[in-house]
Amino acid sequence: MGFKEDFTLKSNELLEKRVMRDAIHDYIHVDHLIIWRLINAQEVQRLRRIKQLGGTHQVFQSAEHSRFVHSLGVYQTIRRMLETECLDNYLSDYDKLCVMIAGLLHDIGHGPFSHSFEGVFHDNHEDMSVRLILEDSEVHDILADFYEELPQDVASIIQHTHPNKALIQMISSQLDADRMDYLLRDSYMSGTTYGQFDMSRILRTMRIKDDHIVYKESGVQAIENYILARYHMYWQVYYHPTARSYEHLFQSIFLRVKDLYQQDYHFQTNMKYILPFLENKETNRDFTNFDESVVLYYFREFTDEKDPILKDLSLRFLNRRLFKYVDFDDINEVEEIKKIASQHGYDPRYYIITDNQKQIPYLHYGDNFNEIEILDRHNQLSPLPLKSEIVSAILNSKNYKSDQKVFFPKELKDDISIL
């Protein structure tokens with residue numbers, strides 16, 4: 001017998017178990033020493049300085065919660081999953097430990113302002129999370145000191161390569177701990193009700209069939225509510241155009257910084273923390289040091305730069321002078337707006353931004369890993385669309401909603417409104 005087979009969760013229990021109050025889960029329980037050590041690692045504590053919802057707090061003012069509390073929430077949701085009879089009996093203690101850790105660490109690779117950062121530097125947060133788990137970091141040291149294969153086993157869950165597909169489903173699927181926590185948490189923190197659904201009911205109907213997670217037919221209505229909650233949260237909260245405007249400003253600032261750097265512009269500001277990213281040479285330590293407090297410091301410093309575009313964009317960002325927006329159907333309309341911007345002295349590269357948001361509530365993959373499968377009373381499996389009239393109607397509709405907007409400085413609003 002080896003370490004994985006012999007390991008018991010009880011052998012790693014804390015002498016004094018910890019609990020943390022939480023708005024969604026009431027209490028988050030920490031029973032194991034390695035989990036407590038990981039929570040206190042610098043890469044996890046850094047998530048306190050990364051907002052969960054990027055620019056959404058510009059619309060929903062109370063939505064200033066962090067990636068840290070969400071990560072704890074995902075960990076706690078997985079704990080609740082593991083308490084269900086089907087998973088408790090199906091998984092080894094070592095697998096349970098791996099998936100709890102994966103839930104806690106799945107977001108450590110998020111940059112400042114989350115997905116906006118990825119859009120600027122073309123980094124994928126999952127790839128960065130894996131890198132921090134496998135390479136030089138405090139998190140890696142804690143995992144490797146516990147067991148040499150633990151970093152790779154945890155990373156493989158996030159990478160979707162772990163041989164036990166149920167572990168991957170718990171972290172990343174159409175119905176996973178990540179989505180369940182962020183819908184409930186983001187809805188609560190934004191002061192809305194769009195994201196509410198009955199998580200307890202969904203967890204009660206979980207089962208294991210053919211080595212993957214499925215759901216009893218009695219849970220279909222709760223799953224329908226979850227899918228609709230996700231749909232409404234995207235359109236009412238995540239894709240709110242004012243939040244998108246804030247994030248576009250963020251990206252325009254860094255686009256200008258990158259352009260100036262390539263033009264050998266002499267920054268008055270010490271670029272120590274940004275330089276590794278501009279040179280595509282950032283180390284894990286560089287990434288860990290780069291959080292939203294650092295970005296906001298730089299944006300304040302940029303308001304004193306000699307470059308008028310960088311200065312203006314930074315002032316707009318800090319003082320919430322956000323871009324306005326209009327819908328468009330034809331790219332020629334955007335070209336007209338760019339001409340108006342140029343005539344008023346605004347460089348369209350930084351001041352005219354388009355985006356097209358789409359959201360499909362449910363994806364029909366046709367395979368039993370990515371599909372939400374329903375177990376009927378005859379012990380037969382069917383994909384969710386065959387058991388849900390609502391989901392079937394969504395799939396058959398083909399008219400998926402999209403939202404195409406062009407963003408521009410508010411000073412141009414009068415000129416653009418006559419188009």
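Here is a friendly exchange about a predicted model and some of its strands, salt bridges and surface residues.

Reader: Glad to be looking at this one with you. Let me begin with strands: in which sense do β1 and β2 pair, and over how many bridges?

Author: Happy to start there. Strand β1 covers residues 13–22, while β2 takes in residues 26–32. A hairpin through 3 residues joins β1 to β2. Their pairing is antiparallel, over 6 bridges.

Reader: Which residue in β2 is the bridge partner of Val 19?

Author: Val 19 can be followed across the pairing of β1 with β2, which is antiparallel. Its bridge partner in β2 is His 29.

Reader: Staying in β2, is Asp 31 buried or exposed?

Author: Asp 31 sits in strand β2. Leaving aside neighbours within four places in sequence, Asp 31 is in contact with several residues, including Asn 12, Leu 14 and Tyr 75. The cut-off for buried is under 20% relative accessible area. Asp 31 has a relative accessibility of 14%, so it counts as buried.

Reader: Which side chain forms a salt bridge with that of Asp 31?

Author: Side chains of opposite charge can pair when their charged atoms come close. Here the N to O distance is 2.9 Å, and both residues of the pair are buried. The partner of Asp 31 in this salt bridge is Arg 79.

Reader: How many residues apart in sequence are the parts that Arg 79 and Asp 31 tie together?

Author: The side chains of Arg 79 and Asp 31 meet in a salt bridge. Arg 79 belongs to helix α4 (residues 67–82) and Asp 31 to strand β2, so the pair links parts whose separation in sequence is 48 residues.

Reader: How many salt bridges does the model have?

Author: The rule asks for a side-chain nitrogen of Lys or Arg within 4 Å of a carboxyl oxygen of Asp or Glu. One pair that meets it is Arg 131 and Glu 135, at 3.8 Å from N to O. Arg 131 is partly exposed, at 23% relative accessible area, and Glu 135 is partly exposed too, at 40%. By this rule, the count of salt bridges is 27.

Reader: And for Glu 149 and Lys 4, how far apart in sequence are the parts that this pair ties together?

Author: Glu 149 and Lys 4 form a salt bridge, with their closest N and O atoms 3.0 Å apart. Glu 149 lies in the loop between α9 (138–146) and α10 (150–158), and Lys 4 in helix α1 (residues 3–6), so the parts they tie together are separated in sequence by 145 residues.

Reader: Let us move on to β6. Which of its side chains point to one face and are buried?

Author: The side chains of β6 alternate along the strand. Thr 354, Asn 356 and Lys 358 point to the other face and are not buried. The buried face has Ile 353, Asp 355 and Gln 357.

Reader: Which residue in β9 does Asp 355 stand opposite?

Author: Strand β9 spans residues 402–408 and runs antiparallel to β6, with 6 bridges between them. Asp 355 also belongs to a salt-bridge network with Arg 244, Asp 327, Asp 403 and Lys 405. Across from Asp 355 in β9 stands Lys 405.

Reader: Which residues form a nonpolar patch on the surface with Ile 360?

Author: Ile 360 is in the loop between β6 (353–358) and β7 (373–375). Its relative accessible area is 32%, which makes it partly exposed. Together the patch has about 220 Å² of accessible area. Its other members are Leu 363 and Tyr 400.

Reader: What is phi for Asp 210?

Author: Asp 210 is placed in the loop between β3 (206–209) and β4 (212–216). This residue is exposed, with a relative accessible area of 56%. Although Asp 210 is not a glycine, its phi is positive, at about 55 degrees.

Reader: One last stop: how far apart in space are Val 220 and Gln 58?

Author: Val 220 lies in helix α14 (residues 220–238) and is buried, with a relative accessible area of 2%. Not counting residues up to four places away in sequence, Val 220 touches Ile 374, Leu 384, Lys 387 and Ser 388. Val 220 and Gln 58 are 162 residues apart in sequence, and from C-alpha to C-alpha their separation in space is 35 Å.

How values were computed. Residues are numbered from 1 along each chain as its sequence is written. This is a predicted model: local features need pLDDT of at least 70, side-chain atom pairs count only at pLDDT 80 or more; totals for chains, interfaces and linings use all residues. Side-chain values use heavy atoms; hydrogens and water are left out. Patches are made of residues with over 30% relative accessible area and no salt bridge: like charges are joined within 9 Å, nonpolar side chains (Val, Leu, Ile, Met, Phe, Trp, Tyr) within 5 Å. Accessible areas come from the Shrake-Rupley method with a 1.4 Å probe; for residues, only the protein chains shown count as cover. Helices (H or I, at least four residues) and strands (E, at least two) are DSSP runs, numbered from the N terminus. Buried means under 20% relative accessible area, exposed over 50%, partly exposed in between (1.4 Å probe, protein chains only). Contact means heavy atoms within 4.5 Å. Two strands pair if DSSP finds at least two bridges between them.
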